[in-house]
Amino acid sequence: MMLRILTLIAGWMALARLHLGIANEDGAHDPSAPFVIADPTIAQAIYGRLSPATPVAYYTFTAPEAISVRVMLLIPTRDCQSGFMARFALVGPGLPSGRLFPTTHFTPLTIAGRTYRLIQSYVPPLPSAGTYWIEVHCDAGSGVYCLCIGTREGGQADAAMRARIERMLEG
């Protein structure tokens, strides 16, 4: 199990520089208007905020076939230390009971000079084609999270998007 986690972390850190950063400041707190992930195979790092007032963010994507998709939830260490905790559920066809809560890790990571906690990860291929949902839930406090999805290099965020992400991380 530990080897699997270390392999996952090493692979993610190698891809971290390739993730397309996206700031989702307004969130997607209405399940009827989720944040649409156009291509779940492209490596993306989507930053959002949750609080007791806005406790869930919704994301959706369509998989045209049973494809491998990596989904991870990171929380900046500063937000964890202030009492913020979140987790995600993957919802879709072929998953047990239609909803899956991946194992919780709390593994420390340093990415581009910032420290995070890897909270959860889902690595196996999706069981079938169809529309999937990711629900990021606030369990305690308020803070910023980073939902990472995909493995294929997708480019980097432009300067304006990087600045928006930095503002979120700085509080």
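## Helix α3: length and faces

The expected span of a helix is 1.5 Å times one less than its number of residues. With that in hand, take helix α3 in this predicted model. Its 12 residues should span 16 Å, and since the end C-alpha atoms sit 16 Å apart, expectation and model agree. Right after α3 comes G171, whose phi is positive, at about 90 degrees.

Which residues of α3 are buried? They are M161, I165, M168 and L169. Look down the helix axis and these buried residues fall within an arc of 95 degrees, so they line one face of α3. Over on the other side, A159, A160 and R167 are exposed. As for what the buried residues of α3 pack against, the list is β1, β3, β5, α2 (77-81), β9 and β11.

## The chain as a whole

Stepping back, the protein chain has 3 helices and 11 strands. Read from the N terminus, the elements go α-β-β-β-β-β-α-β-β-β-β-β-β-α. Of the 171 residues in the chain, 49% are buried.

How much of the contact network joins residues at least 24 apart? Counting contacts between residues at least 6 apart in sequence, the share is 80%.

## The six-stranded sheet

Now for the sheet that α3 sits on. It is an open sheet of 6 strands with mixed pairing, in the order β1-β3-β11-β5-β9-β8. The edges belong to β1 (20-23) and β8 (104-111); each has a single partner strand, so one side of each is left without a neighbour in the sheet. From one strand to the next, the twist averages 30 degrees.

Inside the sheet, strand β3 (residues 44-50) and strand β11 (residues 143-149) run antiparallel to one another and share 7 bridges. One spot to look at there is Y47, which stands opposite C146 in β11. Helix α3 (residues 159-170) packs on this sheet and touches β1, β3, β5 (71-76), β9 (114-122) and β11. The direction of α3 makes about 60 degrees with that of β1.

## β5, covered on both sides

Strand β5 has 6 of its 6 residues buried, so it is largely enclosed by the rest of the structure. Both faces are covered: V71, L73 and I75 are buried on one side, while M72, L74 and P76 are buried on the other.

Who are the strand partners of β5? With β9, β5 forms 6 bridges in an antiparallel arrangement, and L74 stands opposite L118 in β9. With β11 the pairing is antiparallel too, over 4 bridges; here M72 faces C148 in β11.

## β4 and its partners

Strand β4 is mostly covered, with 7 of its 8 residues buried. It pairs with β2 in the parallel sense over 2 bridges, and V36 has T60 in β4 as its bridge partner. β4 also pairs with β10, this time antiparallel and through 8 bridges. Among the residues involved, T62 has T131 in β10 as its bridge partner.

## Two aromatic pairs

How many aromatic pairs are there? The count comes to 2. Take F35 and Y59: their ring centres lie 5.4 Å apart and their planes make 55 degrees, so this pair is tilted. Planes have to be under 30 degrees apart to count as stacked and over 60 to count as edge-to-face, with the rest called tilted. The F35–Y59 pair links distant parts of the chain, with F35 in strand β2 (residues 35-36) and Y59 in strand β4 (residues 56-63), 24 residues apart. Y59 has a relative accessibility of 0%, so it counts as buried.

F61 and Y132 make a stacked pair, at 5.6 Å centre to centre and with 15 degrees between the planes. This pair also connects distant parts of the chain: F61 belongs to β4 and Y132 to strand β10 (residues 130-140), with their positions 71 residues apart in sequence terms. Is each of these two rings buried or exposed? F61, at 2% relative accessibility, counts as buried, and Y132 is buried as well, with a relative accessible area of 0%.

Definitions and conventions:
Residues are numbered from 1 along each chain as its sequence is written. This is a predicted model: local features need pLDDT of at least 70, side-chain atom pairs count only at pLDDT 80 or more; totals for chains, interfaces and linings use all residues. Side-chain values use heavy atoms; hydrogens and water are left out. Rings of Phe, Tyr and Trp (its six-membered ring) pair if their centres lie within 6.5 Å; planes under 30 degrees apart count as stacked, over 60 as edge-to-face and the rest as tilted. Buried means under 20% relative accessible area, exposed over 50%, partly exposed in between (1.4 Å probe, protein chains only). Two strands pair if DSSP finds at least two bridges between them. Axes are lines fitted to C-alpha atoms, for helices over the stretch in contact, and angles run from 0 to 180 degrees between N-to-C directions. Contact means heavy atoms within 4.5 Å. The arc is that of the directions from the helix axis to the C-beta atoms.
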